[in-house]
Amino acid sequence: MTEARRYRRPGKLDAGLNLVVRSLTALGVSLWGTRILSVRGRRSGQWRSTPVNLLTLDGADYLVSPRGHTQWVRNLRAAGEGELRVGRRVRRFRAVELPDDEKVEVLRAYLTRWGWEVGRFFDEVDAQSDTADLRAAAPGCPVFRVVTMS
């Protein structure tokens, strides 16, 4: 599998943890920056939701897919926009996917903050990895800048 198509399927433990995190976030309890991402399905048009970690770096917000090219990534690419929720607060946004050469510092910051949670999804890369290794991992880790819509 090439890095550009890397995908790590969630295990049973991941599904259980996602359910707990989703439930807490829906109640308004954000754990370390969690949000519920909702995006319209690229085929069905139905809203699809999943918990994500929202990273703020240098005044900008980012969504990183540590498991690679997941369904939410594919849907967000197709839709171009979505919603982030915590409790009743909803933020509509437009997604701008970063090219690989702009991902390095975002990936480093993401791994610094959530490496304990998602590090197992990154093959031999962590927050202390050198720039070349992070750049090599970039094609397998989609990153989107979140631009709030009025």
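**Leu31 and the chain around it**

Okay, let's start with one residue: Leu31 sits in the loop that runs between helix 1 (12–26) and strand 1 (34–40). Keep in mind that we're looking at a predicted model.

So, is Leu31 buried, partly exposed or exposed? Its relative accessibility is 34%, and because the partly exposed class covers what falls between under 20% and over 50%, Leu31 counts as partly exposed.

Leu31 has company out there, too. Together with Leu27, Val29, Trp32 and Trp116, Leu31 makes a nonpolar patch on the surface, about 600 Å² in area.

Now let's zoom out to the whole chain. How many helices and strands does the protein chain have? You'll find 4 helices and 6 strands. If you walk along the sequence, the pattern goes α-β-β-β-α-β-β-α-α-β.

What about overall dimensions? The C-alpha trace spans about 40 × 30 × 30 Å along its principal axes. The radius of gyration of the protein chain is 15 Å, and that agrees with a compact globule of 150 residues, which would come out near 15 Å.

Next, the inside and the outside. Of the 150 residues, 42% count as buried. The accessible surface of the protein chain adds up to about 8400 Å², and carbon and sulfur atoms account for 51% of that.

One last thing, on contacts. Take those between residues at least 6 apart in sequence: 65% of them join residues at least 24 apart.

And if you want a place to begin when you turn the model around, try the patch with Leu31, Trp32 and Trp116 among its members.

Conventions: Residues numbered from 1 in each chain as written. Predicted model: local features only at pLDDT ≥ 70, side-chain atom pairs only at ≥ 80, totals over all residues. Heavy atoms only, no water. Patch = residues over 30% accessible without salt bridge, like charges linked within 9 Å, V, L, I, M, F, W, Y side chains within 5 Å. Areas by Shrake-Rupley, 256 points an atom, 1.4 Å probe, with all protein chains shown as cover. Salt bridge = Lys/Arg side-chain N within 4 Å of Asp/Glu carboxyl O. Helix = DSSP H or I, 4+ residues; strand = E, 2+ residues; numbered from the N terminus. Buried < 20%, exposed > 50% of the residue type's maximum accessible area, 1.4 Å probe, protein only. Rg over C-alpha atoms; globule rule 2.2 N^0.38 Å. Contact = heavy atoms within 4.5 Å.
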